[in-house]
Amino acid sequence: MATVQSPEHYPAGDIVVLDRGNGTRVIVHLHGATVLSWQCNGVEHLFLSSTSVFDNKKAIRGGIPVIFPQFGPWSLGPQHGFARTKRWTNVIPPSTDKNGNIIAAFQLEDDDETRQMWNHKFKVVYTLMLLDTSLVCNFVVHNTGSSSFDFTCLLHTYFRVADINSTSVLGLKGLKYVDKIRESKEFTEERDVVSVGEKTDRVYKDSPKTVVIQTAANPSIEVSTLSFPDTVVWNPWEEGAKSMADMDDDGWRHMLCVEAGKVSSSVILEAGDKFDSSQTLKILPN
Ligand code: BG6
């Protein structure tokens with residue numbers, strides 16, 4: 001049986017593969033335009049739960065779910081919005097540019113179902129570019145209607161780590177963060193090296209353009225962002241993982257979500273305007 005992070009596991013019509021050869025490839029599921037896997041020279045860098053449900057209904061547990069138009073609980077629809085549970089269209093199939101990089105683009109537009117929850121006309125274009133040691137995720141929201149709307153958004157990246165106990169995030173020192181575990185009170189991060197040793201759910205505000213995830217066994221990964229001022233750090237820890245039907249019981253040990261987004265305050269987008277943002281994941285040399 002193929003593992004959940006190999007293309008053979010999925011019906012061909014559900015996935016799009018960006019393949020550079022030599023074990024460097026990305027698998028995208030059209031359900032949510034969710035990146036399931038990012039391998040570089042045969043090494044996987046994203047966590048995907050083996051118990052994730054692939055019924056084209058439920059959100060995929062792992063990889064890079066796209067969160068739009070709402071981060072967190074939502075009075076108008078499901079937690080984290082509808083983008084992660086809608087079928088996206090692969091508007092630009094994988095193609096190779098002159099530098100050997102692979103580009104593919106995915107699109108989501110409003111339809112009857114989205115307008116029933118959130119009555120706005122929009123188009124989201126999500127473009128992925130696979131370079132030799134990095135992956136660029138460009139997220140653009142267009143307001144295609146005749147009045148303004150506001151939204152929050154985020155790329156909910158699940159990094160695969162050998163052991164959470166030897167994993168840390170660099171670049172957060174001095175930032176204010178909202179701690180959702182501690183009644184959503186605000187604190188200031190004092191640490192240069194932010195390790196995660198318990199259930200963690202924090203929204204760091206005004207993050208620097210670059211943060212780094214350091215893990216003992218794997219190379220470090222740099223996350224660089226444009227127009228994503230917030231960084232969410234999330235790990236459900238042991239009990240949290242056990243309480244989630246679609247998370248491996250020991251999944252919490254092997255993942256850390258470091259999520260780039262605009263969530264502390266909304267984007268207000270006027271009719272005809274666009275919001276252009278991105279994250280670039282880069283493997284740093286050892
Ligand atoms: C994180 C949130 O981004 O996503 C957490 O900060 C949430 O509060 C987590 O628990 C997972 O959410 P979900 O809906 O995928 O279970």
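The following paragraphs describe strand pairing, backbone geometry and the ligand site in a predicted model.

In the N-terminal part of the numbering, four strands form an open sheet in the order 1-2-3-4, and the pairing within this sheet is antiparallel. Its edges are strand 1, which spans residues 15-21, and strand 4, which spans residues 43-44, each of these strands pairing on one side only. Strands of a sheet pair through backbone hydrogen bonds, in either a parallel or an antiparallel sense. Between strand 1 and strand 2, the latter comprising residues 24-29, the antiparallel pairing extends over 6 bridges, and within this pairing Asp19 has Arg25 of strand 2 as its bridge partner. The loop that connects strand 1 to strand 2 contains Asn22, a residue other than glycine whose phi is nevertheless positive, near 55 degrees. With a relative accessible area of 71%, Asn22 is exposed, because the threshold for that class is over 50%.

A second antiparallel pairing is formed by strand 6, residues 89-96, and strand 7, residues 102-109, which are joined over 4 bridges. In this pairing Thr89 stands opposite Gln107 of strand 7. The two strands make up a hairpin with 5 residues between them, and in this hairpin Gly100 adopts a positive phi near 85 degrees.

Further backbone features occur in the loops on either side of strand 5, which covers residues 66-67. Most residues other than glycine have a negative phi, and most peptide bonds are trans. Against this background, Asn56 has a positive phi of about 60 degrees although it is not a glycine; Asn56 is placed in the loop between strand 4 and strand 5. Its relative accessibility of 34% makes Asn56 partly exposed, since this class lies between the limits of 20% and 50%. In the loop between strand 5 and strand 6, where Pro69 is found, the peptide bond joining Phe68 and Pro69 is cis, with omega about 0 degrees. Pro78 belongs to the loop between strand 5 and strand 6 as well, and at a relative accessibility of 37% Pro78 counts as partly exposed.

The ligand sits in the largest pocket of the model. The residues around the ligand are Arg61, Phe71, Gln79, His80, Arg84, His156, Lys180, Asp201, Val232, Trp234 and Glu259. Several of these residues place polar side-chain atoms at short range from ligand oxygen atoms, as the following distances show. For Arg61, an N or O atom of the side chain is 3.0 Å from an oxygen atom of the ligand, while for His156 the corresponding distance between a side-chain N or O atom and a ligand oxygen atom is 2.8 Å. In the case of Asp201, a polar side-chain atom lies 2.5 Å from an oxygen atom of the ligand. Taken alone, the ligand exposes 400 Å², and 83% of that area is buried by the protein. One of the residues around the ligand, Lys180, can also be related to the loop residue Pro78: the two are 102 residues apart in sequence, and their C-alpha atoms are 19 Å apart in space.

Methods. Residues numbered from 1 in each chain as written. Predicted model: local features only at pLDDT ≥ 70, side-chain atom pairs only at ≥ 80, totals over all residues. Heavy atoms only, no water. Pairing = 2+ DSSP bridges. Buried < 20%, exposed > 50% of the residue type's maximum accessible area, 1.4 Å probe, protein only. Near = heavy atom within 4 Å. Polar contact = N/O pair within 3.5 Å; in protein donor to acceptor, adjacent residues only side chain to side chain. Areas by Shrake-Rupley, 256 points an atom, 1.4 Å probe, with all protein chains shown as cover. 1 Å grid on protein atoms, 1.4 Å probe; cavity = no way out; pocket = protein on both sides within 12 Å on 5 of 7 lines; lining within 4 Å. Sits in = over half its atoms within 2 Å of the grid points.
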